[in-house]
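Visitor: I have a model open in front of me and would like to go through it one question at a time. Could you guide me, and explain each term as it comes up?

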Amino acid sequence: MARKPPTKPRKNASQQRSRATVDALIEATARILVKEGFEKASTNRIAEVAGVSVGSLYQYFPSKEAIVAAVIGRHNEEVMGLVRTALAEVAGLPIDKAVRKLVAVAIEAHRINPKLHRVLAEQIPRTGQLAEVEAFNREVHTLVRTYLESRRNEMRKVDIDLAAFICVSAIESVAHNTVLNHAEMLTEKMVKVLVDETTRMVVGYLR
């Protein structure tokens, strides 16, 4: 059985210059993944596009998979930042308004570099980052569950864990499929319709 390549950084960048080097490597990797694909993202190619030596790359990352893992982590944090903010903002809102906000934010989050999002979705299993993605999903589930728990009086009798799972799955599926597979629907008018219809579906299930 083939050994999996290491995906942990060799060391953390603490100084400004080293952080700039790591940033350049991560950004270069993201560009290569989008334009050339995972197979072309060799450490030599990444170093070339980043404008650093391969030796400098290996000071921080043991493999290309480790840099791709860093790209995944950074992208997920950017997306999660939007989700956390949205869930904090809807804490005091009734279900219909809260769901509308969450659907709109899910679509917005998927529109953060959708080409990169597609590549990462395809390559995550190869880089061993499924655990990190699962942690991300658990956090979203927990945040949505906490919100629903606070709104039990607005909901029909339904298991809260199941309700959180179905709400998150439905919203994520619509956002993911629209942004990655139906970009022609991302006009201002169509996004509004999508938000309206998805909100109606989710709220209808909860009530």
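Guide: Let us begin with a term: a residue is called buried under 20% relative accessible area, exposed over 50%, and partly exposed in between, using a 1.4 Å probe and protein chains only. This is a predicted model, in which local features need pLDDT of at least 70 and side-chain atom pairs count only at pLDDT 80 or more, while totals for chains, interfaces and linings use all residues. Residues are numbered from 1 along each chain as its sequence is written, and side-chain values use heavy atoms, with hydrogens and water left out.

Visitor: Is Arg152 buried or partly exposed?

Guide: The relative accessible area of Arg152 is 41%. Since buried means under 20% and exposed means over 50%, that value puts Arg152 in the class called partly exposed.

Visitor: Which residue meets Arg152 in a salt bridge at 2.7 Å, N to O?

Guide: A salt bridge here is a side-chain nitrogen of Lys or Arg within 4 Å of a carboxyl oxygen of Asp or Glu. The partner has a relative accessible area of 32% and is therefore partly exposed. With 2.7 Å between N and O, the side chain that meets Arg152 is that of Glu149.

Visitor: Which residues are linked with Arg152 in a network of salt bridges?

Guide: The search of the whole structure finds 14 salt bridges, and the pair of Arg152 and Glu149 is one that has already come up. The network that holds Arg152 also includes Arg145, Glu149 and Asp161.

Visitor: How many residues apart in sequence are the parts that Glu154 and Arg207 tie together?

Guide: Glu154 and Arg207 form a salt bridge, with their closest N and O atoms 3.6 Å apart. Glu154 lies in the loop between α7 (130–150) and α8, and Arg207 in the segment after α9 (188–206), so the parts that this pair ties together are separated in sequence by 53 residues. As for Arg207 itself, its relative accessibility of 47% makes it partly exposed. The separation you asked for is thus 53 residues.

Visitor: In which helix do Glu197 and Arg200 both lie?

Guide: Their salt bridge brings the closest N and O atoms to 2.6 Å. Glu197 is partly exposed because its relative accessible area is 46%, whereas Arg200, at 54% relative accessibility, counts as exposed. The two residues are three apart, about one turn of the helix, and that helix is α9.

Visitor: How many helices and how many strands are there in the chain?

Guide: Helices (H or I, at least four residues) and strands (E, at least two) are DSSP runs, numbered from the N terminus. Read along the sequence, the pattern is α-α-α-α-α-α-α-α-α. The chain therefore has, under this DSSP definition, nine helices and zero strands.

Visitor: Which residues does His110 touch, not counting residues up to four places away in sequence?

Guide: His110 lies in helix α5, residues 95–110, and counts as buried because its relative accessibility is 5%. Contact means heavy atoms within 4.5 Å. Beyond four places in sequence, the residues that His110 touches are His117, Glu172, Ala175, His176 and Val179.

Visitor: Is Arg151 buried or exposed, and what is it in contact with beyond four places in sequence?

Guide: Arg151 lies in the loop between α7 and α8, and with a relative accessible area of 17% it is buried. Its C-alpha atom is 7.3 Å from that of Ile95, although the two are 56 residues apart in sequence. Leaving aside neighbours within four places, the contacts of this buried arginine, Arg151, are Ala91, Gly92, Leu93, Pro94 and Ile95.

Visitor: What percentage of contacts between residues at least 6 apart in sequence join residues at least 24 apart?

Guide: One pair separated along the chain is Lys97 and Val203, which are 106 residues apart, with C-alpha atoms separated by 9.5 Å. Lys97 is found in helix α5 and counts as exposed, at 53% relative accessibility. For the contacts in the chain between residues at least 6 apart, the share joining residues at least 24 apart is 71%.

Visitor: What percentage of the 207 residues in the chain is buried?

Guide: His110 is buried, with 5% relative accessibility, and so is Arg151, with a relative accessible area of 17%. Across the 207 residues of the chain, the buried share is 43%.
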